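The report below describes a single protein chain, moving from its overall build to one part of its surface. Please read it alongside the sequence and the model.

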Amino acid sequence: MTIPQQFLVTVDGSVNVSNVTRAIKMLRGVTAVKKAKTTAKPRLYDPKTGRYLNDKTMKTIEDAHKGIGVTTYESLDDFYKEMGI
């Protein structure tokens, strides 16, 4: 008896998944076809460079939205004092 192998197939969002599933099932030796939902990670686009922001920058932005690593000051004078201005 041989050990079954698994393959992961990624298709474009515009593809009819049921047709692809049916085609894969027609292949000889295919024992099962399962679908898994994927969620798109939010990404920001920088129009100046024409590139997407990297994962580290996205994590920093997400943390800031959650309030992680954000410093608040009671007044502008407190901010100036902290900055040494």
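Of the 85 residues in the protein chain, buried residues make up 4%, a share computed, as is everything here, on a predicted model. The protein chain exposes about 8800 Å², and carbon and sulfur atoms supply 55% of that area.

The overall dimensions are collected here.

| Property of the protein chain | Value |
|---|---|
| Radius of gyration | 24 Å |
| Radius of gyration of a compact globule of 85 residues | near 12 Å |
| Box filled by the C-alpha atoms, along the principal axes | roughly 75 × 35 × 20 Å |
| Separation of the mean positions of positive and negative charges | 22 Å |

The charges behind the last row number 14 positive and 9 negative.

In secondary structure, the protein chain has 3 helices and 2 strands, which follow one another along the sequence in the pattern α-β-β-α-α.

Helix α3 covers residues 76–83 and includes Met-83, a residue that also belongs to a nonpolar patch on the surface together with Tyr-73, Leu-76, Phe-79, Tyr-80 and Ile-85. Taken together, the residues of this patch have about 590 Å² of accessible area.

Is Met-83 itself buried, exposed or partly exposed, and what is its relative accessible area? Met-83 has a relative accessible area of 44% and is therefore partly exposed, since that class lies between the limit of under 20% for buried residues and that of over 50% for exposed ones. The value for Met-83 also satisfies the requirement of over 30% relative accessible area for residues in a patch.

How values were computed
Residues are numbered from 1 along each chain as its sequence is written. This is a predicted model: local features need pLDDT of at least 70, side-chain atom pairs count only at pLDDT 80 or more; totals for chains, interfaces and linings use all residues. Side-chain values use heavy atoms; hydrogens and water are left out. Patches are made of residues with over 30% relative accessible area and no salt bridge: like charges are joined within 9 Å, nonpolar side chains (Val, Leu, Ile, Met, Phe, Trp, Tyr) within 5 Å. Accessible areas come from the Shrake-Rupley method with a 1.4 Å probe; for residues, only the protein chains shown count as cover. A salt bridge is a side-chain nitrogen of Lys or Arg within 4 Å of a carboxyl oxygen of Asp or Glu. Helices (H or I, at least four residues) and strands (E, at least two) are DSSP runs, numbered from the N terminus. Buried means under 20% relative accessible area, exposed over 50%, partly exposed in between (1.4 Å probe, protein chains only). The radius of gyration is taken over C-alpha atoms; the globule rule is 2.2 Å times the number of residues to the power 0.38. Lys and Arg count as positive and Asp and Glu as negative; His and the chain ends are not counted. The place of a charge is taken as NZ of Lys, CZ of Arg, CG of Asp or CD of Glu.
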